[in-house]
Amino acid sequence: MEVSSLPLSASQRGKLISAGYTSLSSLCATSSCNLARDLKISENEAADILKVASRRSGLDKIENGGQAIMNGAQTAWDMLHEEESSICITTSCSDLDDILGGGIRCKEVTEIGGVPGIGKTQLGIQLAVNVQIPADYGGLGGKAIYIDTEGSFMVERALQIAEACADDMLEYNSLLWKDSQACEVNIQPRAFLNNMFYFRICTYTEQIAVINYLEKFISEHKDVKVVIIDSITFHFRQDFEDMALRTRLLGGMALKLMNLAKRFNLAVVLLNQVTTKYNEGSFQLTLALGDSWSHASTNRIILYWNGNERHAYIDKSPSMRSASAPYAVTIKGIRNSTSNCKRVKLM
Amino acid sequence: MNPEDLLRHPLPAETPKLTLGCPLLDRLLGGGVPCGTITEIVAESGTGKTQLSLQLLLAAQLPTSRGGLSASSLYLHSEFPLPFRRLHQLSIFYRPHLQHNPLDHVFVEPLHSADHLLDLLPRLDFLVPKFNVKLIVIDSIAALFRGEFENTPLELKRRSSMFFKISSKLRFHARKFGLAVVLTNQVVDVMESSDNLRIGNSAALCSSGRRVCPALGLSWANCVNTRLFMWREEERVGSEDENFGNMQTRRFIRVVFAPHLPDTFCEFVIRREGLFGINR
């Protein structure tokens, strides 16, 4: 254990190393007055350094040599490891998964917006189903919270998508285990529905109340791996005379959701509407809720029509480059766009 | 009220649906008009949206075994008064399936403005349980917003805020009482020069050979759950050399967007007995 990893000022660290205190154990063996003399610093400062060191060595024992310097802090190296090993929620459209780096990430807030009828709700339902794909099939085996503010969640559609997902899993299973005896699996589409916690929200106060309540709910249901809000916008687009209040409420909500995502290692998916923005004499299409809201999410995906094909475009992402990919909404749910498949075959 | 009360778990098996009174049209809509959400019917005048509304007013009274909601219906009109004669004519075909006179269970109220509608909505809390209403038809939503608002950014903002308010209240009541809410909307012509924003399944909607789009624009499109489009096509039938070749009108209905329906369409005809889908 190196002294250089202690949360100390650079000058203190420099003095420690030049005085020969390179390892944590050498620091633990000394007293504050000895340290003050060796480093030519006040005894109080020496005591502080020892306190940091002892807290650190205490933590090390508990965390079994982990890198937790302060409570909750991590090194970038650990985070990279964690990110590389983390599993994404697939969108069931491999082209879309590719540009997203595997799918919708846990610990992040992803915002998805587009015109009515582009497939926002479809994608929402698809993710609520896909999060339940068991670990044996490369999924998370988690549960979903679906917060419906617009009433567009249809049970029969969710069942349809769940059935298609179960079929795909059975097919995968029979490919994997050629022996038909081994593919004894019991995947009930209805079980998918039972693992969705559905909240129907009718006012913005209810929306805020439910988001505040989520923390308690998720700590009781630790297997929840995705929270979908369809849509975050609807109740905030009716007459808010006090726009500053709206910005404050939205900001508070965004912060809560980000914390939930981090703390419980789950994905938060916010569906948003689009609006026209009046800019220098012309109307442009942007995601609703204004500029300050655009900071609320880690990733932003815009869904749009390109001719007769649906496309998804990464507008904002800290790790993926902006790119777009076609997708299709089928009876089975979100899938690869068929015209794209043809193109791939031709090449 | 606690946040945990808003959780519905386990989910209900299926959304209740209101029949359209025709198996083909019901198939198009996956069983009928869903309760608890807002369904919008967009069409140019004379295509049959009021006809379909009238049919729904009666179908809602049918017993659940026949696909109805065994309940009364409320008709709010802003354009024309209720075409009573036509409703009476249609009601004859529903009479045999009902214990009561169907006309006694259709409540009618005129709407004068968007504000009037907003004033009326809180009264639903009282009206709906008292008269066992399960269907609300607003014919038409577009007429409430015609003329009242000017075409300036500020007025348009005020107008769209009104849309969300109305929609939110309607959705609230739809969920609370399990109401089927059906709105009709007009169309506006699309100018060739303007770059038209695509909403829903088809790139361009055409009716009577003209390119049209639903009235009230993008923000209103966010306010409905399901949008259906009805259109007509004029077709010449009979021999070519006759100058007075008969013109026949063909009518179609299509799903523009819906959370639970694929992009499908169906041809329909309007007969004395009502509106029926046909296979061609």
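This report walks through a predicted model of two protein chains, A and B.

## Chain A at a glance

Chain A has 347 residues, and 48% of them count as buried. Its secondary structure comprises 13 helices and 11 strands. Many contacts reach far along the chain: of those between residues at least 6 apart in sequence, 63% join residues at least 24 apart.

Now look at the strands towards the end of the numbering. Strand E9 of chain A covers residues 309–316, and strand E10 of chain A covers residues 324–330. The two run antiparallel and are joined by 4 bridges. One pairing to find on screen is A:His311, whose bridge partner in E10(A) is A:Pro326.

E10(A) also pairs with strand E11 of chain A, residues 333–335. This pairing is antiparallel too, with 3 bridges. Here A:Val329 stands opposite A:Ile334 in E11(A). How many residues lie between E10(A) and E11(A) in their hairpin? There are 2. One general point helps when viewing such strands: in a regular strand, side chains alternate between the two faces of the sheet.

## A buried glutamate

A:Glu111 sits in strand E1 of chain A, which spans residues 109–114. Is A:Glu111 buried or exposed? It is buried, because its relative accessible area is 0%, and the cut-off for buried is under 20%.

What surrounds A:Glu111? Setting aside neighbours within four places in sequence, A:Glu111 is in contact with several residues, among them A:Leu270, A:Leu287, A:Trp293 and A:Ile301. A:Asn272, A:Asn299 and A:Arg300 are also on the list of contacts. So is A:Ser297. The side chains of A:Glu111 and A:Ser297 are joined by a polar contact of 2.8 Å.

## Salt bridges

Side chains of opposite charge can pair when their charged atoms come close. Over all chains, the count comes to 16 salt bridges. The table lists four of them.

| Residue | Partner | Closest N to O distance |
|---|---|---|
| A:Lys143 | A:Asp223 | 3.5 Å |
| B:Glu155 | B:Arg158 | 3.1 Å |
| B:Arg232 | B:Glu234 | 3.4 Å |
| B:Lys17 | A:Glu156 | 2.6 Å |

Take the A:Lys143 and A:Asp223 pair. A:Lys143 lies in strand E2 (143–148) of chain A, while A:Asp223 lies in the loop between helix H10 (204–220) and strand E4 (224–230), so the bridge ties together parts that are 80 residues apart in sequence. Both ends are partly exposed: A:Lys143 has a relative accessible area of 22%, and A:Asp223 has 34%.

The pair B:Glu155 and B:Arg158 sits in one helix, H7 (153–177) of chain B. Why can these two be about one helical turn apart? They are 3 residues apart in that helix, so about one turn separates them. B:Glu155 counts as buried at 19% relative accessibility. B:Arg158 counts as partly exposed at 44%.

In the third row, B:Arg232 pairs with B:Glu234. B:Glu234 is partly exposed, at 37% relative accessible area. Elsewhere in chain B, salt bridges link B:Glu44, B:Asp189 and B:Arg210 in a network.

## Where the chains meet

The last row of the table crosses from one chain to the other, joining B:Lys17 to A:Glu156. The count between chain B and chain A is 1 salt bridge. The interface also holds 9 residue pairs in polar contact.

Which elements of chain B each supply at least two residues to the side that touches chain A? They are strand E1 (7–8), H7 and helix H8 (217–221). H7(B) gives the most, with 10 residues. By class, this side of chain B has 21 nonpolar, 12 polar and 9 charged residues.

In total, 42 residues of chain B are in contact with 44 residues of chain A. The chains bury about 3900 Å² between them, and 62% of that is on carbon and sulfur atoms.

Strand pairing crosses the interface as well. Strand E3 of chain A, residues 196–200, runs antiparallel to E1(B) and is joined to it by 2 bridges. A:Tyr198 has B:Arg8 as its bridge partner in E1(B).

Conventions
Residues are numbered from 1 along each chain as its sequence is written. Chains are lettered from A and ligands numbered from 1 in the order in which they are written. This is a predicted model: local features need pLDDT of at least 70, side-chain atom pairs count only at pLDDT 80 or more; totals for chains, interfaces and linings use all residues. Side-chain values use heavy atoms; hydrogens and water are left out. A salt bridge is a side-chain nitrogen of Lys or Arg within 4 Å of a carboxyl oxygen of Asp or Glu. Buried means under 20% relative accessible area, exposed over 50%, partly exposed in between (1.4 Å probe, protein chains only). Contact means heavy atoms within 4.5 Å. Buried area is the accessible area (1.4 Å probe) that two parts lose on being put together, summed over both. A polar contact is a pair of N or O atoms within 3.5 Å; within protein, one must be able to donate a hydrogen and the other to accept it, and residues adjacent in sequence count only if both atoms are side-chain atoms. Ala, Val, Leu, Ile, Met, Phe, Trp, Tyr, Cys and Pro count as nonpolar, Asp, Glu, Lys and Arg as charged, and the others, Gly among them, as polar. Two strands pair if DSSP finds at least two bridges between them.
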